[in-house]
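Reader: I would like a close look at a single part of this model, followed outward into the rest of the chain. Please take it step by step.

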Amino acid sequence: MEKQNLELINEKIKNAVETLCEDWNRREQFSGVCMVKRREHTIFSGAYGFANRAFKIPNQIDTKFDTASITKVFTAAAVLQLVQEKKLKLSDYITQIIDLEGTEISPDVTIEQLLNHTSGIHDDAEEEAGEQYSDLFVASPNYAIREYRDFLKNFAYKKPNFKPGSDVRYCNCSYVLLGLAIEKITGKTYREYVTENVFQKARMRNTAFLSMDSVNENTAEGYLALYNENGNIIGYKKNIYSFPPMGTPDGGAYTTAEDMNTFLTAIQKKILLDDVHAKLLLTTHCPYTREKEWWGIPGLYERNGYAFEFLFLPDRKEPFCIYKDGQNDGVAARFNYYPKEDISVTFLSNQDCDVWDMTRQIQMEIYNICYKR
């Protein structure tokens, strides 16, 4: 009976997700992939739109997509590996690890504050204030930024937003500093270290730092939709001038929907981190709260913000959802995990797309099917 109930629930979720993806593909020209897993079994997987629009090459479920800020969870895992190996402490000050003399980075900023966005340092583009990341490259070429020290001129000399540890504000560049710390401690480039110690160790076989100006197999190009005065899509343009051409500690690693689940499994099974440090990655560490009801689910509030890059939607007893998202021009990605039901939902898209609304609708379906029983 339990097996029959499980299969029935899985079929309901599959039908709901398939209907939603097909509807978004038809109405909004959704281009990307969606995968839903439960207890390590794939309930649904679907690919839509084109990896290359010029040649009408369709996306496949194993196509690699730019993940934007989801990359930060890989950086966080790498930092915690160094903490686990006692090569670094969360209480260490970043200015004692890398040379930031002459900058506005406070000597009181710790590794933990960089991880959970409480450092107060100024970002290169203050997205919480409405600034657009792609605007950074209107006057300065994006291809001039390939190494992480190239970022410093865009943020390290700006006055901090607040005293370290006194507030919370999302900051991409805090992860740039973490990447520099990884390089200083390991003697390897950030990309080398993360590739060897996160991607390869977790067996994420289709995850890599790929350059937009190189030839990459089975990889989706990013597109921005062009609209007429009536709001209708009339064409697309590539996003190759919108951000640095190769992934960095704060964004831009390419992966697949399957590999995102492989990463989570590697954390849960203590492949990447031991029990203590795996829990650190999946535990909230930010003391600042936002009390707002979330997406119409009764009793569900976003109370605690950032863990070590994952975010949490706790209810009164345990986290309802652990998630991370990413967005750049022509990139939209979302990874949700529901611990109680062991369900993951992955969206990876290679064009501007409201994967947040898509996820919200699926989340309501999961809630209605699994949690209201």
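**T67 and its surroundings**

Author: In this predicted model, leaving aside residues up to four places away in sequence, T67 touches A253, T255, G326, V331, A333 and L348. One of these partners, A253, also takes part in a polar contact, since the side chain of T67 reaches the backbone oxygen of A253 at 2.8 Å, within the 3.5 Å allowed for such a pair. T67 itself lies in the loop that runs between β5, residues 65-66, and α2, residues 71-84. Its relative accessibility is 0%, and because buried means under 20%, T67 counts as buried.

One of the residues that T67 touches, L348, is also among the contacts of G32, and this leads to a second site. G32 is found in strand β1, which covers residues 32-38. With a relative accessible area of 0%, G32 is buried. Again not counting residues up to four places away in sequence, G32 touches G46, A47, Y48, N59, F65, L348, S349 and N350. Of these partners, N59 can be described by its separation from G32: the two are 27 residues apart in sequence, while their C-alpha atoms are 6.4 Å apart in space.

On the other side of the T67 loop comes α2, whose packing against another helix deserves a careful description. In general, two packed helices are described by the angle between their axes and the distance between the axes. Here the axes of α2 and helix α4, which spans residues 173-186, come within 10 Å and cross at roughly 40°. The two helices, α2 and α4, are therefore oblique to each other, and their crossing is left-handed. The contact is made by K72, T75, A76, A78, V79 and L82 on the α2 side, and by Y175, L178, I182, I185 and T186 on the α4 side. Sorted by class, the contact of α2 with α4 has eight nonpolar, two polar and one charged residues.

These local details belong to a chain with eight helices and twelve strands. Of its 373 residues, 54% count as buried, and T67 and G32 are both described in that way. Sequence separation can also be considered for the chain as a whole: among contacts between residues at least 6 apart in sequence, 65% join residues at least 24 apart. The pair G32 and N59, at 27 residues apart, and touching each other, offers one example of such a contact.

Methods: Residues are numbered from 1 along each chain as its sequence is written. This is a predicted model: local features need pLDDT of at least 70, side-chain atom pairs count only at pLDDT 80 or more; totals for chains, interfaces and linings use all residues. Side-chain values use heavy atoms; hydrogens and water are left out. Helices (H or I, at least four residues) and strands (E, at least two) are DSSP runs, numbered from the N terminus. Buried means under 20% relative accessible area, exposed over 50%, partly exposed in between (1.4 Å probe, protein chains only). A polar contact is a pair of N or O atoms within 3.5 Å; within protein, one must be able to donate a hydrogen and the other to accept it, and residues adjacent in sequence count only if both atoms are side-chain atoms. Contact means heavy atoms within 4.5 Å. Axes are lines fitted to C-alpha atoms, for helices over the stretch in contact, and angles run from 0 to 180 degrees between N-to-C directions. Angles under 35 degrees count as roughly parallel, over 145 as roughly antiparallel, 65 to 115 as roughly perpendicular and the rest as oblique. A crossing is left-handed if the near helix is turned anticlockwise from the far one by less than a right angle, and right-handed if clockwise. Ala, Val, Leu, Ile, Met, Phe, Trp, Tyr, Cys and Pro count as nonpolar, Asp, Glu, Lys and Arg as charged, and the others, Gly among them, as polar.
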